[in-house]
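The following exercises are to be worked with the sequence and the coordinates at hand. Each task is followed by a solution in steps.

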Amino acid sequence: MIFLDAAATTPVRREALEAMWPYLSGEFGNPSSHHGLGETAAAGLAEARSGVAKVLNCRAGEVTFTSGGTEADNLAVKGIALARQAADSSLNRIVISAIEHPAVEESARYLERVHGFVVDVLPVDGEGLVATDDLRAAIGPQTALVSIMYANNEVGTVQPIAALAAVARERGVPFHTDAVQAAGWLPLDIKALGVDALSISGHKLGAPKGSGVLFTKGRLRVEPLVHGGGQERAKRSGTENVAGAVALSTALRLSHAEQPDQAARVSELRDQFIQRILATVPDALLTGHRVQRLPSVASFCFPGTSGESVLLELERLGVVCSSGSACAAGSDAPSPVLVALGIARETAQTAVRFSFTSTVTGAELEQAAAAVETAVGRVRNLAVPLQRHQPLPG
């Protein structure tokens, strides 16, 4: 099997498993307990927090551990907006892009539906980029928060986050970025990015599912979503997942160290893969930005097919990939991301996303590209006789 669905999840790194194992076995204490086992767990949690802070170039106290990227996004969008509104009731608008992950979009819609916020949605161009001028025009005196993702999970387009965050900073509005797909592939220095909040998910970079991080800058107030014992500096109550935090910190540290070399290597393989697909599959359409894209993502539409049919055929040929966001699996509707890029709905339903781990090889991608050519050809050939035998109108 050739696994090309890393944007959905990645295998757990051995180093992360080894780092977390003691906290699942002998050192299983609750970090809030005042005895030896608890203190050992608390020390492990503190070390994990410091490890994340070092990669992000922030203070340990600005790191909140969560159950994953979705919770981190929810806490950022809802928590910051509600805290800002509590301090100033006139702040009732949120700015997001048209291609946000559902964790951000649905959080904003919840605030709209339940708390009376207005959601301002920024358009993107045909390659998925947000224009700084559009953001500047959208921010007004009532804007409580801007949330624009660092890199898109479906088409891989990388936003000019530093430039966008600078626009928000000029207007005195907090800026959050969903960096779930960026982690492990792009720089995460929050000072260089200029962001006020940033979300990460552990299972996208070699840690187990169920671990995540939200960075929030300094004294930026966040209304908690989970209430209880006041853990995580009262931002996220509940007994901490020490093992998950340790694994995430380990995976983040290792991927950060490897990032420059692996990003360059995989980017070259990605470009070769894209060129092969465009050269051998008639009418293949590359989606997302040609240059400003994640090293790990190559996404296409194959007109004249069904994306799901191509996926099934690819799996028969030993290649595992996806039709887009795993969070929208099972939906018959075309991807809102592709529609936002101006792609026709019928064409959007032919989408296939290939996303790579940091260990992918050139040989694997050569084999996968050949499988794509075969799979698309088979699906198109099947579609022709089906069309010919459709009953005539009337």
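**Exercise 1. The open sheet**

In this predicted model, seven strands make up an open sheet of mixed pairing, ordered 2-8-7-6-5-3-4. Task: determine which strands stand at the edges, and state what this leaves on one side of each.

Solution.
- Step 1. The edge positions belong to strand 2 (63-66) and strand 4 (118-122).
- Step 2. Each of these has a single partner strand, so one side of each is left without a neighbour in the sheet.
- Step 3. From one strand to the next, the twist averages 20°.

**Exercise 2. One strand pair and a helix across the sheet**

Task: establish in which sense strand 7 and strand 8 run, parallel or antiparallel, and identify the strands that helix 3 lies across.

Solution.
- Step 1. Strand 7 (residues 197-201) and strand 8 (residues 212-216) run antiparallel and are joined by five bridges.
- Step 2. Within this pairing, Ser 199 has Leu 214 of strand 8 as its bridge partner.
- Step 3. Helix 3 (residues 69-87) lies across strand 2, strand 3 (93-97), strand 5 (143-147), strand 6 (175-178), strand 7 and strand 8.
- Step 4. The direction of helix 3 is at about 160° to strand 5.

**Exercise 3. Strand 10 and its partners**

Task: find how many residues of strand 10 are buried, and which residues point each way from the strand.

Solution.
- Step 1. Strand 10 (residues 297-301) is mostly covered, with five of its five residues buried.
- Step 2. In a regular strand, side chains alternate between the two faces of the sheet.
- Step 3. Val 297, Ser 299 and Cys 301 point one way from strand 10, while Ala 298 and Phe 300 point the other way; all are buried.
- Step 4. Strand 9 (residues 285-287) is joined to strand 10 by three bridges, and the two run antiparallel; here Leu 285 stands opposite Cys 301.
- Step 5. Strand 12 also pairs with strand 10 in the antiparallel sense, over five bridges, and Val 297 has Ser 355 of strand 12 as its bridge partner.

**Exercise 4. Aromatic pairs**

Task: classify the pair Phe 273 and Phe 354 and the pair Phe 300 and Phe 302.

Solution.
- Step 1. The model contains five aromatic pairs.
- Step 2. Phe 273 and Phe 354 are 5.2 Å apart centre to centre with 70° between the planes; planes over 60 degrees apart count as edge-to-face, so this pair is edge-to-face.
- Step 3. Phe 273 lies in helix 8 (residues 242-280) and Phe 354 in strand 12 (residues 351-355), so the pair ties together parts that are 81 residues apart in sequence. Both residues of this pair, Phe 273 and Phe 354, are buried.
- Step 4. The ring centres of Phe 300 and Phe 302 are 5.8 Å apart and the planes are at 20°, so this pair is stacked. Phe 300 and Phe 302 are both buried.
- Step 5. One aromatic cluster is formed by Phe 273, Phe 300, Phe 302, Phe 354 and Phe 356.

**Exercise 5. Nonpolar cores**

Task: state how many residues the largest nonpolar core has and which of them have the most contacts inside it.

Solution.
- Step 1. The largest nonpolar core has 96 residues; Leu 4, Leu 135, Phe 175, Phe 273, Leu 314 and Phe 354 have the most contacts inside it.
- Step 2. Helix 8 gives the most to this core, namely 14 residues.
- Step 3. Beyond its neighbours within four places in sequence, Leu 4 is in contact with residues including Val 319, Phe 354, Phe 356 and Leu 365.
- Step 4. A second, separate core has 21 residues, among them Val 77, Ile 94, Ala 108 and Ala 144.

Note on methods:
Residues are numbered from 1 along each chain as its sequence is written. This is a predicted model: local features need pLDDT of at least 70, side-chain atom pairs count only at pLDDT 80 or more; totals for chains, interfaces and linings use all residues. Side-chain values use heavy atoms; hydrogens and water are left out. Two strands pair if DSSP finds at least two bridges between them. Helices (H or I, at least four residues) and strands (E, at least two) are DSSP runs, numbered from the N terminus. Axes are lines fitted to C-alpha atoms, for helices over the stretch in contact, and angles run from 0 to 180 degrees between N-to-C directions. Contact means heavy atoms within 4.5 Å. Rings of Phe, Tyr and Trp (its six-membered ring) pair if their centres lie within 6.5 Å; planes under 30 degrees apart count as stacked, over 60 as edge-to-face and the rest as tilted. Buried means under 20% relative accessible area, exposed over 50%, partly exposed in between (1.4 Å probe, protein chains only). A nonpolar core is a set of buried Ala, Val, Leu, Ile, Met, Phe, Trp, Tyr and Cys residues joined through side-chain atoms within 4.5 Å.
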